[in-house]
Amino acid sequence: MQPRNMSMSGVVDLAAVKAAQEAKAKAEQARAQAAREGGTGAISPADLVIDVDEAGFERDVLQRSAEVPVVIDFWAEWCEPCKQLSPVLERLAVEYNGRFLLAKIDVDANQMLMQQFGVQGIPAVFAVVAGQALPLFQGAAGEAQIRQTLDQLVQVGEQRFGLTGLAVDPEAEPGGAPAAPERPAGPHDGLLEAAVQALDSGDLSGAVQAYKNVLNEDPGNEEAKLGLAQAELLQRVQGVDPQQVRRDAADKPADVQAQIAAADLDLVGGHVEDAFGRLIETVQRTVGDDRDTVRMRLLELFEVVGPDDPRVIAARRALARALF
């Protein structure tokens, strides 16, 4: 699989949405398998840092990223800054106690992986979350910066992909089978699973209704809010003619519905700032009910991307200026 870059919290595409939903199911399958084999599946702290090569990348990084965020440290023996950074990452991997896995890749022995990730210099640190690759930082960063980045990564893994990490047993022997940590069943897991299954089968209307069913019983359920916003967005763009939508938006700058439809396409295509900017400009040009319609759609798109995304924070400020 060719690694690809994505922002840490927000590009929306069908593959990422599906990966986010599948990650939780895979983690639960790993727990169930460990239980059937009569063990806890907990790993040793020593197993939180692994050496990875091209032959094992699919197994050790991509597959494991469905259970836990995998941080990749690209290094080489001759690289002096690597000798400063790597021990810090290794120590933090143990300190974070299974909330991420550290994979070390020697660039001299794994040139293909280095090229696939677009590494320009080392040390370089990337992450893979639910099969999605993203850059973290390059160079021997300070520990405070590293911790801040790791905290954000862990948060994204938990909130967007349902990855709560690995179970770690300090007394476990190195090389033990990994498994996701224990997670008690929630009261709405059945309804959320129904929504995931509907998404997988392409039944967007069914997914929307399933998420609404959860929110009717638990209005504060963040997983259902995010799932509903994504499913409704995908439902709106399903079957539309992208070229016609773009033409309408260009030819009719004052047409509220044309701009809203184009913003939906922008977001699904990963052009988050374009989508926000288009609707904020439309808010500035409109009044009354039209303005409120655009504002409400913009708030819905904020839900899709996530409230902590820097682009959402910036767009909220721009929206406030446009309104007041």
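Strand β2 is mostly covered, since six of its six residues are buried in this predicted model. In a regular strand the side chains alternate between the two faces of the sheet. For β2 both of these faces are covered, with V70, I72 and F74 buried on one side and V71, D73 and W75 buried on the other. The neighbour of β2 is β3, which runs parallel to β2 and is joined to it by six bridges; within this pairing, I72 has A103 of β3 as its bridge partner.

The two strands are also linked through their side chains. Side chains of opposite charge can pair when their charged atoms come close. Here K104 and D73 meet in a salt bridge, with a distance of 3.3 Å from N to O. This pair links distant parts of the chain, as K104 belongs to strand β3 (residues 101–106) and D73 to strand β2 (residues 70–75), 31 residues apart. D73 counts as buried because its relative accessibility is 0%, and K104, with a relative accessible area of 10%, is buried because the cut-off for that word is under 20%.

Another residue of the interior comes before these strands in the chain. L48 lies in the loop between helix α1 (14–36) and strand β1 (49–51), and because its relative accessibility is 0%, L48 counts as buried. Along the chain L48 and L102 are 54 residues apart, yet their C-alpha atoms are separated by 6.1 Å.

The salt bridge between K104 and D73 can be set beside others, for the structure holds 14 salt bridges. One of them joins E80 and K83, whose closest N and O atoms are 3.4 Å apart. These two residues are three residues apart in helix α3 (residues 80–95), so that about one helical turn separates them. E80 counts as partly exposed because its relative accessibility is 48%, and K83 is likewise partly exposed, with a relative accessible area of 43%.

A further salt bridge brings together the side chains of D266 and R278, at 3.1 Å from N to O. Because D266 lies in helix α10 (residues 256–268) and R278 in helix α11 (residues 272–285), this pair ties together parts that are 12 residues apart in sequence. D266 is buried, with a relative accessible area of 4%, whereas R278, at 22% relative accessibility, counts as partly exposed. Elsewhere, salt bridges that share partners join R91, E95, E143 and R147 into one network.

Helix α11, which holds R278, can be followed further. Its 14 residues should span 20 Å at 1.5 Å a residue, and the C-alpha atoms at its ends are indeed 20 Å apart, so the expected and modelled spans agree. In α11 the residues V272, A275, F276, L279, I280, T282 and V283 are buried. Seen down the axis of the helix, the buried residues of α11 fall within an arc of 160°, and therefore they line one face of the helix. On the other side of α11, E273 and Q284 are exposed. What covers the buried residues of α11 includes α10, α12 (288–305) and α13 (310–323).

Helix α8 (residues 222–237) offers a second helix to examine. At 1.5 Å a residue its 16 residues should span 22 Å, and its end C-alpha atoms are 23 Å apart, which agrees. The buried residues of α8 are A224, L226, G227, L228, A229, Q230, A231, L233, L234 and V237. At the start of α8, a side-chain oxygen of N221 reaches to within 3.2 Å of the backbone nitrogen of E223, while the helix is followed by G239, a residue whose phi is positive, near 80°.

These elements can finally be placed within the whole protein. Its secondary structure comes to 13 helices and five strands, and buried residues make up 50% of its 324 residues. Among contacts between residues at least 6 apart in sequence, 71% join residues at least 24 apart. The salt bridge of K104 and D73, whose residues are 31 residues apart in strands β3 and β2, is an example of a link between distant parts of the chain.

Note on methods. Residues are numbered from 1 along each chain as its sequence is written. This is a predicted model: local features need pLDDT of at least 70, side-chain atom pairs count only at pLDDT 80 or more; totals for chains, interfaces and linings use all residues. Side-chain values use heavy atoms; hydrogens and water are left out. Helices (H or I, at least four residues) and strands (E, at least two) are DSSP runs, numbered from the N terminus. Buried means under 20% relative accessible area, exposed over 50%, partly exposed in between (1.4 Å probe, protein chains only). A salt bridge is a side-chain nitrogen of Lys or Arg within 4 Å of a carboxyl oxygen of Asp or Glu. The expected span of a helix is 1.5 Å times one less than its number of residues. The arc is that of the directions from the helix axis to the C-beta atoms. Contact means heavy atoms within 4.5 Å. A polar contact is a pair of N or O atoms within 3.5 Å; within protein, one must be able to donate a hydrogen and the other to accept it, and residues adjacent in sequence count only if both atoms are side-chain atoms. Two strands pair if DSSP finds at least two bridges between them.
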